[in-house]
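Me: I am new to this structure. Please take me through one part of it closely, then show me what else is worth following from there. Short sentences suit me best.

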Amino acid sequence: MARIVVLYNTDYDAEQATLTGLDVTSVRESAKAITRALAEAGHTVELTGVHGIEVYSVLATIREQKHDLLFNLCESMDNNSLNEPTFAGLLDLFGIRYTGADLLALASCLHKQRTKDILLANNVPTPPYRYLVDDGSLADPALEALDYPWFVKLAHEDASLGITEANLVHDVAELRTRSRELMTEFKQAVIAERYVAGREINVTVLGNGSTARTLPLHEIDFAAMPSDRPHIVSYAAKWEESHVDYVGTKPVPLRAATPELVAAVEAVALAAYRAIELRDYGRVDLRVDAEGRPWVIDVNPNPDISPDAGASRAAAAAGLSYPLFVGEIARIALAR
Ligand SMILES: Nc1ncnc2c1ncn2[C@@H]1O[C@H](COP(=O)(O)OP(=O)(O)O)[C@@H](O)[C@H]1O
Ligand SMILES: [Mg+2]
């Protein structure tokens, strides 16, 4: 059994949390649940927070304590999620062994245009895209000739931040209007990609190299979505329990899928996981088009593994209780 320190970020203060919609207490609750699960799995566990530039003293202390493993739940530092990769880089600098993705993979996913470039270069199916940084790129006449509908999203966010039904755009005017709104509100670039109408499937992956494996697939059940609303997981769908989109986007185990579809989805998800060089655990989100072809729309390193998260449900479907699931991630990281 190992000595493990669980590390999470404490930076999002109340004001910032309201601005970004991030719930700081849920980050702490999740870290506590993971700590309890590791203890139940038989490890000696400690829980530590990091806020910002005091990171050096925190890491110096952890280094002295000679833990076997740091369970990395640090998603930002100093109120900025762009510091998530930086933190992994510091762990490497301090020679501390940690769970999950390294600096390069975290940064690749934090910059969605990079994720897309890597997937495309490795022939992993992902919709064609444009990277839109300012009014200049929005003025590009080539945008008029795209095969609409397309979908726009923030280049540097996750958890459906900035996603509403308006992100599904049917012509260049809608694309320009919604992209400009997003750039103004969130002060960052946007990517636009072809909209894939069809089922949305989430694949949790565990492991490294040739032994990486998929857990039982889940999908979004859109049956309760009002007929006038697009089948997407909007911000409201994810976070606002009383919203119609919340009820209309129920995560369920994959139903009525042919073995061919399951095999194709698993193969594409594993190819994406390997192309981005994720480690230990991850989640790949895909959409399946009318011809039954899967397309990768999102690659998530260090995905949410709270007890009620999709990854934990997938683990349960594979027969892994919560302590076994979290313990398995630690085991995989220690075996690297
Ligand atoms: N190309 C696309 N085609 C169809 N739906 C999409 C596409 N891209 C994103 N979506 C919808 O938007 C949601 C959020 O987009 P995603 O790329 O997963 O961003 P996030 O990092 O915020 O999770 C997805 O769960 C999906 O419902
Ligand atoms: Mg996603």
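Reply: **A helix and what lies beyond**

G95 comes just after α4, and its phi is positive, at about 70°. This is a predicted model, so every value here is computed from predicted coordinates.

Start with α4 itself. The helix spans residues 84–93, and seven of its 10 residues are buried. The rest of the structure therefore largely encloses it. Which residues of α4 are the buried ones? They are E84, P85, F87, A88, G89, L90 and L91.

Next, the neighbours. The buried residues of α4 pack against three strands: β1 (3–9), β2 (44–50) and β3 (69–73). They also pack against two helices, α3 (55–65) and α5 (103–110).

One of those neighbours leads to the cysteines. C109 falls within the span of α5, residues 103–110. How many disulfides does a search of the whole structure find? It finds zero. Take C74. Its closest cysteine sulfur belongs to C109, 16 Å away. That is too far for a bond, because a disulfide needs the two sulfur atoms within 2.5 Å. Seen from the other side, C109 is in no disulfide either, and its nearest cysteine sulfur is that of C74. C74 is buried, at 2% relative accessible area. C109 is buried too, at 12%.

**Charged pairs**

Covalent links between cysteines are absent, as the zero count shows. Charged pairs are another matter. The structure holds 21 salt bridges. Side chains of opposite charge can pair when their charged atoms come close.

Begin with a pair inside one helix. E29 bridges to K32, with 3.8 Å between the closest N and O atoms. Both sit in helix α2 (residues 24–40), three residues apart, or about one turn. An α-helix has 3.6 residues a turn, so residues three or four places apart point the same way. E29 is partly exposed, at 43% relative accessibility. K32 is partly exposed as well, at 33%.

Now a pair that reaches across the sequence. D280 and R336 meet in a salt bridge at 2.6 Å, N to O. D280 lies in the loop between α11 (259–275) and β12, while R336 lies in the segment after α13 (322–335). The pair therefore ties together parts that are 56 residues apart in sequence. Are the two partners buried or exposed? D280 is buried, at 0% relative accessibility. R336 is partly exposed, at 37%.

Some bridges join up. R199, E219, D221 and R255 are linked in a network of salt bridges.

**Strand β12 and the metal**

A further bridge leads to the metal. R283 pairs with D285, the closest N and O atoms being 2.9 Å apart. Both residues are buried.

D285 has another role in the picture. Which residues coordinate the magnesium ion, ligand 2? They are D285 and D298, through their OD atoms, at 2.1 to 2.6 Å. D285 lies in strand β12 (residues 281–288) and D298 in strand β13 (residues 294–301). So the pair ties together parts that are 13 residues apart in sequence. D285 is buried, with 6% relative accessibility. D298 is buried at 18%, because the cut-off is under 20%.

Stay in β12 for one more residue. R287 is placed in that strand, and it is buried, at 4% relative accessibility. Its side chain reaches two backbone oxygens. The oxygen of H231 is 2.8 Å from the R287 side chain. The oxygen of V196 is 3.0 Å from a polar atom of that side chain.

**Ligand 1**

Last, the other ligand. Which of the 18 residues around ligand 1 come nearest? They are K112, K153, S160, E193 and E200. E200 places a polar side-chain atom 2.5 Å from an oxygen atom of ligand 1. Backbone atoms take part too. A backbone N or O atom of V233 lies 2.8 Å from a ligand 1 oxygen. At A159, a polar backbone atom is 3.4 Å from an oxygen of ligand 1.

Terms used:
Residues numbered from 1 in each chain as written. Chains lettered and ligands numbered in written order. Predicted model: local features only at pLDDT ≥ 70, side-chain atom pairs only at ≥ 80, totals over all residues. Heavy atoms only, no water. Donors = N, O, S within 2.8 Å, 3.2 Å for Na, K, Ca; no water. Helix = DSSP H or I, 4+ residues; strand = E, 2+ residues; numbered from the N terminus. Buried < 20%, exposed > 50% of the residue type's maximum accessible area, 1.4 Å probe, protein only. Salt bridge = Lys/Arg side-chain N within 4 Å of Asp/Glu carboxyl O. Contact = heavy atoms within 4.5 Å. Near = heavy atom within 4 Å. Polar contact = N/O pair within 3.5 Å; in protein donor to acceptor, adjacent residues only side chain to side chain.
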